[in-house]
Amino acid sequence: MPDKVRALGLPCSTGRPTASCSSATPPVDMVTGAMVRDEIEVQAEASLKALKHCLEAAGTSLENVVMMHAVNSGFYNTMNRVYARCFSVTRRPRSLVPVAAGPMEFDIEIECVAVG
């Protein structure tokens with residue numbers, strides 16, 4: 001994880017290269033370390049790009065994702081549009097978990113489990 005991102009104190013990790021990998025990412029730009037604050041579709045895309053970066057750092061990829069979770073069930077239709085673009089061949093099982101408020105200021109966080 002880039003130092004700029006780590007300095008934000010975000011509640012996420014890059015996972016570990018094992019038989020499975022778990023990672024959660026908010027909408028953060030992995031190059032600048034800045035939180036992406038825009039409409040929810042843009043935030044979802046940023047979260048998935050960050051997730052892709054974390055998975056690749058752990059030696060796996062979005063292609064190996066077996067389950068995804070995202071906070072806020074109000075974003076269900078938007079998330080499905082973003083997922084359709086990112087997982088055009090095989091859509092992954094996913095769920096939306098409502099969360100009232102977290103310790104950081106972001107509207108979405110995407111968590112996944114991937115096989116190595």
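Here are some worked exercises on the predicted model shown above.

## Exercise 1: Get your bearings

**Task.** Work out how many helices and strands the protein chain has, and in what order the elements run.

**Solution.**
- Step 1: Count the elements. The protein chain has 3 helices and 4 strands.
- Step 2: Walk along from the N terminus. The order you meet is α-β-α-β-α-β-β.
- Step 3: Look at how much is hidden. Of the 116 residues in the protein chain, 41% are buried.
- Step 4: Look at the outside too. The accessible surface is about 6300 Å², and carbon and sulfur atoms account for 53% of that area.
- Step 5: Check how far apart contacting residues sit in sequence. Take the contacts with a separation of 6 or more: 72% of them are between residues 24 or more positions apart.

## Exercise 2: Follow the charges around Glu41

**Task.** Find out which residue forms a salt bridge with Arg81, and which parts of the chain this pair ties together.

**Solution.**
- Step 1: Recall the idea. Side chains of opposite charge can pair when their charged atoms come close.
- Step 2: Find the partner. Arg81 pairs with Glu41, and their closest N and O atoms are 3.3 Å apart. The cut-off for a salt bridge is 4 Å, so this pair passes.
- Step 3: Place both residues. Arg81 sits in helix H3 (residues 76-86) and Glu41 in helix H2 (residues 40-57), so the salt bridge ties together parts that are 40 residues apart in sequence.
- Step 4: Check a second arginine. Arg85 also meets Glu41 in a salt bridge, at 2.9 Å from N to O. This pair links distant parts of the chain as well, with Arg85 in helix H3, Glu41 in helix H2, and their positions 44 residues apart.
- Step 5: Ask how open each partner is. Glu41 has a relative accessible area of 16% and is buried, while Arg81 is partly exposed at 42%. Arg85 is partly exposed too, at 44%.

**Extra look.** Asn77 is found in helix H3 and is exposed, with 56% relative accessibility. Asn77 and Glu41 are 36 residues apart in sequence, and their C-alpha atoms are 9.8 Å apart in space.

## Exercise 3: A pair within one helix

**Task.** Say where Glu56 and Lys52 lie, and how many residues apart they are.

**Solution.**
- Step 1: Confirm the pairing. Glu56 forms a salt bridge with Lys52, with 3.0 Å between the closest N and O atoms.
- Step 2: Locate the two. Both Glu56 and Lys52 lie in helix H2, 4 residues apart, which is about one turn of the helix.
- Step 3: Check exposure. Glu56 is partly exposed at 43%, and Lys52 is partly exposed at 37%.
- Step 4: Now see which residues belong to a network. Glu41, Glu45, Arg81 and Arg85 are joined into one by salt bridges that share partners.
- Step 5: Put a total on it. The whole structure holds 4 salt bridges.

## Exercise 4: Look inside the cavity

**Task.** Find which residues line the largest cavity, and which element gives the most to the lining.

**Solution.**
- Step 1: Think about the method. Rolling a probe the size of a water molecule over the atoms shows where empty space is left.
- Step 2: Search the structure. There is 1 cavity of 30 Å³ or more, and the largest cavity holds about 40 Å³ of space.
- Step 3: List the lining. Its residues are Tyr76, Met79, Asn80, Tyr83, Arg94, Ser95 and Leu96.
- Step 4: Match residues to elements. H3 and strand E3 (94-97) are the elements that give two or more residues, and H3 gives the most, with 4 residues.
- Step 5: Sort by type. The lining divides into 4 nonpolar, 2 polar and 1 charged.

## Exercise 5: Two hidden residues

**Task.** Are Ser47 and Met79 buried or exposed, and what do they touch?

**Solution.**
- Step 1: Start with Ser47, whose place is in helix H2. Its relative accessible area is 0%, so Ser47 is buried.
- Step 2: Find its contacts. Leaving out residues up to four places away in sequence, Ser47 touches Thr25, Pro26, Pro27, Ile108 and Ile110.
- Step 3: Move to Met79 in helix H3. Met79 counts as buried, at 1% relative accessibility.
- Step 4: Find its contacts. With the same residues left out, Met79 touches Ala44, Ala70, Leu96, Ile108 and Ile110.
- Step 5: Take one contact further. Met79 and Ala44 are 35 residues apart along the chain, and 6.8 Å separates their C-alpha atoms.

Conventions:
Residues are numbered from 1 along each chain as its sequence is written. This is a predicted model: local features need pLDDT of at least 70, side-chain atom pairs count only at pLDDT 80 or more; totals for chains, interfaces and linings use all residues. Side-chain values use heavy atoms; hydrogens and water are left out. A salt bridge is a side-chain nitrogen of Lys or Arg within 4 Å of a carboxyl oxygen of Asp or Glu. Buried means under 20% relative accessible area, exposed over 50%, partly exposed in between (1.4 Å probe, protein chains only). Contact means heavy atoms within 4.5 Å. Accessible areas come from the Shrake-Rupley method with a 1.4 Å probe; for residues, only the protein chains shown count as cover. On a 1 Å grid over the protein atoms alone, a cavity is a set of points where a 1.4 Å probe fits but cannot get out, and a pocket is an open set with protein on both sides within 12 Å along at least five of seven lines; lining residues have an atom within 4 Å of a point. Grid points are joined across faces, edges and corners, and a volume is the space filled by probe spheres set on the points. Ala, Val, Leu, Ile, Met, Phe, Trp, Tyr, Cys and Pro count as nonpolar, Asp, Glu, Lys and Arg as charged, and the others, Gly among them, as polar.
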